[in-house]
Amino acid sequence: MATDKQNEVKVSPLGEKKENSSDGGLGLEILQIIKESQQQHGLRHGDYQRYRGYCSRRLRRLRKTLGFKMGNRHKFIGKKITAEMLSDSRYLLMVLMEAERAWSYAMQLKQEANTEPRKRFHLLSRLRKAAKHSEKLEKLCESPRVDAKTKLEAQAYTAYLTGMVEFELQEWKRAMEAFNKCKTIYEKLASAFTEEVAVLYRQRVEEISPNIRYCAYNIGDQNAINDLMQMRLTGGGGGMMAEKLEALITQARTKQAATMSEVEWRGRTVPVKIDKARVFLLGLADNEAAVAQASNEDTKEHLYETLMAECRDTIQAVREELKSEAKQRERSSDPESGKVSNLQYLHSYLTYIKLCTLVKRNESMAHTLHGKLKEPAADENKRGPRPQDLIRLYDIILQSLAELSTLQGLEDDHTFQKEVSLKTLVYKAYRCFFIAQSYVLVKKWSEALVLYERVLKYAKEVQSKAKTLNNSLKDLPDVQELIAEVSAEKYSLQAAAILDTGDASEAPSQLQVNDSTPLCNRLDTFCLDPTLVGKKPSLVPFPPEFQPIPCKPLFFDLALNHVAFPPLDEKVEQKGKGGLTGYIKGIFGFGS
């Protein structure tokens with residue numbers, strides 16, 4: 001909270017500059033103010049509660065500065081901002097902050113409504129409140145004291161919030177009209193101002209476009225679904241729109257799932273009775289095509305993550321059915337209990353899809369990192385990719401391939417096992433190659449050379465085994481390219497090792513030592529030791545080493561057991577003869 005308040009102090013003077021107009025009228029940079037406030041106060045991380053707190057604090061400061069008090073400490077007296085009061089643009093800013101506060105609260109409730117559906121009613125109430133405040137701002141901007149740009153921005157802001165309300169109410173036609181109005185105004189503003197100012201307006205237009213296309217689809221425009229799918233490939237439409245788009249795709253697949261009854265894999269046809277599995281398998285080809293058409297690595301990574309998340313959910317649904325099937329088998333004595341059931345085979349197929357997707361994703365990441373590894377470092381202070389990063393990716397790939405070979409129902413499929421072993425050899429070769437490169441970085445030439453020889457061994461083994469399996473290397477990295485790269489690396493490694501050996505042989509001639517022997521132990525040897533003039537010179541061994549000293553002798557009285565003590569019987573008897581008389585004498589001191 002302290003950081004927020006420090007940032008507010010920095011933002012407020014900037015906001016005051018944006019509230020002045022060049023033509024003498026009142027002006028307010030509505031879109032610029034809200035965008036900068038949102039980015040600096042929580043919305044960069046999706047923290048709407050923090051932004052709502054900022055709006056409340058700024059609203060309170062504005063009221064205090066302008067003397068616009070709502071009663072006193074004991075009683076609330078509501079006051080409205082009228083057009084006659086517009087002597088300062090901060091009155092417009094107050095209404096804008098009220099609208100932003102209500103909107104941010106609505107977005108916070110939207111995040112919480114995923115787990116608590118009852119909060120949706122409160123969400124709609126807050127959105128309507130935000131739209132009401134924006135309409136009030138638009139009416140105030142109709143005053144002749146306000147400049148034309150602020151009037152247009154207020155109209156666009158009102159249209160945006162009205163469209164958001166109608167969008168949540170699923171009134172698609174009215175929402176589309178409001179969003180189109182907002183888009184038209186911002187496009188006009190973008191064309192009327194310089195490039196620096198127009199960037200914000202264009203960004204807002206890009207944010208609104210997915211909502212307009214989604215509304216068009218729900219109204220009945222079938223061409224809009226193609227536009228939405230294309231936006232999904234390019235990474236457009238984030239936040240609320242991304243959730244709506246995923247729900248739309250799932251809905252379309254669910255309609256098609258009724259026609260799907262079975263799937264064929266590895267020569268076996270399996271009936272698919274689980275609806276979630278039907279929906280996933282229908283969209284599998286579309287998802288793979290979307291990954292292939294992805295324009296950048298971030299979009300491809302997002303699509304891979306989405307596909308894997310859907311696959312995990314489907315596997316969980318099949319696993320629940322497997323538990324109930326196992327209970328039924330226990331009750332009835334099934335003669336074919338040892339055979340892999342159709343449901344178990346479907347589970348193996350889904351697990352195969354998940355593991356293959358994981359392999360492809362990690363291979364794509366490794367390919368990107370390998371390309372960056374070859375590029376020269378642009379910034380020396382910034383840490384770039386290292387061979388160790390690729391080693392970790394190939395470890396995950398090999399682990400996934402090991403799980404593939406243990407899938408139930410495929411133990412006797414020798415072709416499948418050979419394909420998995422061939423893929424394992426390819427990725428082992430690449431992993432071994434990057435381990436060798438990590439050794440090159442630390443100048444361990446012999447270890448790196450041995451590993452390069454191992455890479456060539458794996459690559460030749462792959463080439464010999466691939467002749468028996470047709471099309472096995474189609475989806476795998478190019479082994480021939482790896483062999484050529486290893487051959488080049490071997491020659492450069494040998495040259496670097498020779499140069500490094502030559503440098504090492506010249507070192508003794510300089511009479512420099514860097515050992516840790518203290519100076520007092522090598523006084524008879526002359527050498528140049530740069531550490532003696534440093535901060536921690538090694539002069540004497542400290543702390544000193546322990547030296548052996550003679551220990552204190554221990555004495556044992558061994559003769560005590562052989563000593564005969566004199567008898568004391570006579571003295572004991574004399575004490576006994578005194579009787580009562582001696583006792584009395586002893587009391588009064590007569591016997592002393």
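**Exercise 1.** Find how many disulfides the structure holds, and decide whether C182 and C215 are buried or exposed.

*Solution.* Begin with the criterion, by which a disulfide is a pair of cysteine sulfur atoms within 2.5 Å; the structure holds zero disulfides. The model is a predicted one, in which local features need pLDDT of at least 70 and side-chain atom pairs count only at pLDDT 80 or more, while totals for chains, interfaces and linings use all residues. Residues are numbered from 1 along each chain as its sequence is written, and side-chain values use heavy atoms, with hydrogens and water left out. Next, C182 has 0% relative accessibility and therefore counts as buried (under 20% relative accessible area, with a 1.4 Å probe and protein chains only). C215, at 0% relative accessibility, is likewise counted as buried.

**Exercise 2.** Describe how helix α2 and helix α6 pack, and which residues make the contact.

*Solution.* Helix α2 covers residues 30-40 and helix α6 residues 148-168, and they pack at an angle of about 55° with their axes 9 Å apart. That angle makes α2 oblique to α6 (neither under 35 degrees, nor over 145, nor 65 to 115). On the α2 side the contact (heavy atoms within 4.5 Å) is made by I30, L31 and I34, and on the α6 side by T150, E153, A154 and Y157. These residues divide into five nonpolar, one polar and one charged.

**Exercise 3.** State what the mean pLDDT of the protein chain is, and what the value is over residues 9-17.

*Solution.* The mean pLDDT (the predictor's confidence in each residue, from 0 to 100) is 80, and 80% of the residues reach 70 or more. Over residues 9-17, however, the pLDDT is below 50, and this stretch has ten contacts in the model beyond near neighbours in sequence.

Note on methods. Axes fitted to C-alpha atoms, helices over the stretch in contact; angles between N-to-C directions. Helix = DSSP H or I, 4+ residues; strand = E, 2+ residues; numbered from the N terminus. Nonpolar A, V, L, I, M, F, W, Y, C, P; charged D, E, K, R; others polar. Buried < 20%, exposed > 50% of the residue type's maximum accessible area, 1.4 Å probe, protein only.
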